[in-house]
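Here are my notes on the model you sent round. Have it open while you read, since I jump between a few places in the chain.

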Amino acid sequence: MSTRMTISDIARLAGVSKATVSRVLNHKPDVDPVTRERILRIMEEHNFVPSVAASGLAGGKGHLIGVLVPALTWPLIPDIMRGIAEVVEETSYELVLYSIKTSNHERDRSDVINRILANRLIVGLLAIFPGQSARYLPALQRQGLPVVLLDDQGLPPEQIPWITADNRAGAYAATRHLLELGHRRIAHIQGPLKYQVSRERFQGYCDALQDYGIAPDPSLILQGDFMPPGGRACACQFFAMPERSRPTAIFAASDLMAYGVMGAAEEFGLRIPDDVSLVGFDDIASSGHMRPPLTTVRQPLSEMGRCALELLLSLLEAPDHSSSALLRASPLLARFAGSSQPQAPAATTATIESAQPVRLRLPTHLVVRATTAPPACYARL
């Protein structure tokens, strides 16, 4: 099998530099017509298919931005990628996706980072929910590759710009909504506590209860796994409690776990919201189409994708990487940043932390649908 031709091979055969070949590939006018014709003829003779990355690098500037994602089946990824696509299509950049396999995570994380370092195809990296692989990102940054982290699973490594949703405020709003309806026995199904997002949503739940003078009841707090089976298992434990001890409402830390609660309620012959109210978190696309439609906390997923890519573009273009310079370079980031001061748990505008580099929390929004109502029997409270 013949070796695939490269820009270097074409340049050697044509007797020109790689930069000249790149200018021909990019339809630049400043190439002698005879030279252009010779290069095009050699490409045709050798069935040369240009690499977007190679042509950009040969010209002195890359046009590929890497996006590191978990499994593409994650329900949050499509909305985030839509926001990223809306920004990138207005630029000259192209995207390269790096996906971490669902099996053998640890090895694949390090392999992906090593591949990025070895290939040098991209000029910047946007890492989306990288989990434990976040600890590898400073190595990329030390090699001169700008990195932006979009994550809620852990605290970001130092010096890595970071964008997330205000999980604590969203959980506070969800719990307060149930309290305002009259519920007092409100259960919470946590996500895995190894994730920062789970701890933040639990803290928002506790904040709201405490504001109403209610101490969190350990019997009403169980840990799930963000997936429907985990939500169902936890809900079954709640529904198996004596009626007077049973929660009248459940706040699940993800929509998928809330779906599991719905299944458990049907199994126990309970009606939502007549017998138990339910709130989820995320507002993934299917939540508005459940029966009944799910009350949930909407993460600004598309906006997070747009802001993350805007921030990465600002890092690529702005020589001064301070927070203030980056915000000046990106009107979108400046609009979402709002105040530079930390805000109360119920805040509805984005905050940017004062620490360097940029660390931006975008506001969440409670979406009230049909799974919440006042408790059916106050005698239970």
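The points below go from the whole protein to single residues.

1. First, a caveat: this is a predicted model. Everything here is computed from those coordinates, so please read the angles and areas in that light, because local features are kept at pLDDT of at least 70.

2. On the overall make-up, I get 14 helices and 13 strands in the protein. Of the 381 residues, 54% are buried. Among contacts with a separation of 6 or more, 69% join residues that sit 24 or more positions apart. As for the surface, about 17,400 Å² is exposed, and carbon and sulfur atoms supply 53% of that area.

3. Have a look at the largest pocket. Its volume comes out at about 470 Å³. There are 19 lining residues, and W74, L76, D225, F226 and M227 are the ones that lie nearest the centre. Sorted by class, the lining has 11 nonpolar residues, along with 4 polar and 4 charged ones.

4. One of those central pocket residues, F226, deserves a second look for its backbone. Its phi is near 75°, a positive value in a residue other than glycine. You'll find F226 in the loop between β7 (221–223) and α10 (228–239). Is F226 buried or exposed? It counts as buried, because its relative accessibility is 17% and the cut-off is under 20%.

5. F129 is another one to check. Here too phi is positive in a residue other than glycine, this time near 45°. F129 belongs to the loop between β3 (124–128) and α7 (137–142). With a relative accessible area of 4%, F129 is buried.

6. There are cis peptide bonds to inspect as well. The bond from I272 to P273 is cis, with omega near 10°, and P273 has its place in the loop between α11 (255–267) and β9 (277–282). The bond from R291 to P292 is also cis, with omega near -5°. P292 lies in the loop between β9 and β10 (295–298). That puts β9 at one end of the loop holding P273 and at one end of the loop holding P292.

7. Now for helix α9, residues 196–211. With 16 residues, α9 reaches 23 Å from its first C-alpha to its last, close to the 22 Å expected at 1.5 Å a residue. Its buried residues include the charged side chains E200, R201 and D207, as well as V197, Y205, C206 and L209. What do the buried residues of α9 pack against? Their partners are α8 (167–180), β6 (186–190), β7, β8 (249–252), β9 and β12 (359–362). So β9, which came up with the prolines, is on that list too, because the buried residues of α9 have heavy atoms within 4.5 Å of it. After α9 comes G213, with a positive phi near 70°.

8. Last, a charged residue to check by eye: D79, found in helix α5 (residues 77–88). Why does D79 count as buried? Its relative accessibility is 18%, and buried means under 20%. Leaving aside neighbours within four places in sequence, D79 is in contact with L301 and S302.

Notes
Residues numbered from 1 in each chain as written. Predicted model: local features only at pLDDT ≥ 70, side-chain atom pairs only at ≥ 80, totals over all residues. Heavy atoms only, no water. Helix = DSSP H or I, 4+ residues; strand = E, 2+ residues; numbered from the N terminus. Buried < 20%, exposed > 50% of the residue type's maximum accessible area, 1.4 Å probe, protein only. Areas by Shrake-Rupley, 256 points an atom, 1.4 Å probe, with all protein chains shown as cover. 1 Å grid on protein atoms, 1.4 Å probe; cavity = no way out; pocket = protein on both sides within 12 Å on 5 of 7 lines; lining within 4 Å. Points joined across faces, edges and corners; volume = space filled by probe spheres on them. Nonpolar A, V, L, I, M, F, W, Y, C, P; charged D, E, K, R; others polar. Expected span 1.5 Å × (residues − 1).
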